[in-house]
Structure formats: C-alpha cells, structure tokens
Amino acid sequence: QVQLVETGGGLVQAGGSLRLSCAASGRTTGSYSMGWFRRAPGKELQFVAAISSTAHTTYYADAVKGRYTISRDNAENMVFLQMNSLKPEDTAVYLCAARASHPDFRVTYYKPGAYPYWGQGTQVTVSS
C-alpha cells in the first residue's frame, strides 16, 4: 500500500511558476512508476506527466511539454512537478498517482486506470 500527499498548489498569475510535491509513504516508492494528472472543472481527468521508477524515462502531455518538468527523489520518496509559464487553462486540481514498475508502463503511462494509488490532489489556479 502506498499513501500519497500532494502539496505546493496555490494561486499564481499567468506566466508564473509553481512546484508541486508528492510525498509517498508506506512501501518504498523506488520501485514505483509515478504520474501527475489534473482535473479541471467540468472536464475529465487528464494526463500531465509521468516518470519511470529509475527516473530514466519521462513522459509529458503535449499541452505541458516544454513548460513542465517531472522529477523524483527516491531517497526521500518524493516526486515533483515544476510548472513554468503557467496559463489560465492550467487551472485544475493536480493529483499524484503511483503504480508498481512494469514493462507495460511505456504504453500505459497516460491511463488513469493503470495507477492503483492516488493522492487527494492540490488546487492550482492561474489568473489571467
């Protein structure tokens, strides 16, 4: 079992930056692949970014590529999402998710159903 807690959300002006953190507890997350998703008002859950257990591979949604960076610190059981050049359309609840490392991650990283463990989310609001 893995417990995830996101922090770092808040209100920021367009063009600003935020850094989200996801603290994992329970079983060591060094063998878990991690993802960030977001849910905007009235919209479905959307993939944002994912990182393999070793951090050797990262994936990004086209909407955030070049602006967001996912990283992890396995020694501290932490995953981060650095968000730069934020836009009003980035406003959403951002959720951290975890799944046990598996070879199919390269084709399932963007699927919410592939992640059994989820945090409660942190609100990010970008004003124009």
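Which residues does Met83 touch, not counting residues up to four places away in sequence? Keep that one in mind, everyone, and I'll come back to it after a quick tour.

Hello all. What we have here is a predicted model. Its secondary structure comes to 1 helix and 11 strands. Walking along the sequence, you meet nine strands, then the helix, then two more strands. The radius of gyration is 14 Å, close to the 14 Å that the globule rule gives for 128 residues, so the protein is as compact as a globular protein of that length. Its C-alpha atoms fill a box of roughly 40 × 25 × 25 Å along the principal axes.

Now let's go inside. Of the 128 residues, 47% count as buried. The largest nonpolar core has 39 residues, and Leu4, Met34, Trp36, Leu81, Met83 and Tyr94 have the most contacts inside it. In soluble globular proteins, nonpolar side chains tend to be buried together.

So, back to Met83. With those sequence neighbours set aside, Met83 touches Gly16, Ser17, Leu18, Leu20, Arg67, Tyr68, Tyr94 and Val124. Contacts between distant parts of the chain show up in the totals too: among contacts between residues at least 6 apart in sequence, 60% join residues at least 24 apart.

For a contrast, have a look at Gly15. You'll find Gly15 in the loop between strand E2 (10-13) and strand E3 (18-26). Is Gly15 buried or exposed? Gly15 has a relative accessible area of 53%, which is over 50%, so Gly15 counts as exposed. Even there, Gly15 touches Ser85 and Leu86, again leaving out residues up to four places away in sequence.

Thanks for listening!

Definitions and conventions:
Residues numbered from 1 in each chain as written. Predicted model: local features only at pLDDT ≥ 70, side-chain atom pairs only at ≥ 80, totals over all residues. Heavy atoms only, no water. Core = buried A, V, L, I, M, F, W, Y, C linked by side-chain atoms within 4.5 Å. Buried < 20%, exposed > 50% of the residue type's maximum accessible area, 1.4 Å probe, protein only. Contact = heavy atoms within 4.5 Å. Helix = DSSP H or I, 4+ residues; strand = E, 2+ residues; numbered from the N terminus. Rg over C-alpha atoms; globule rule 2.2 N^0.38 Å.
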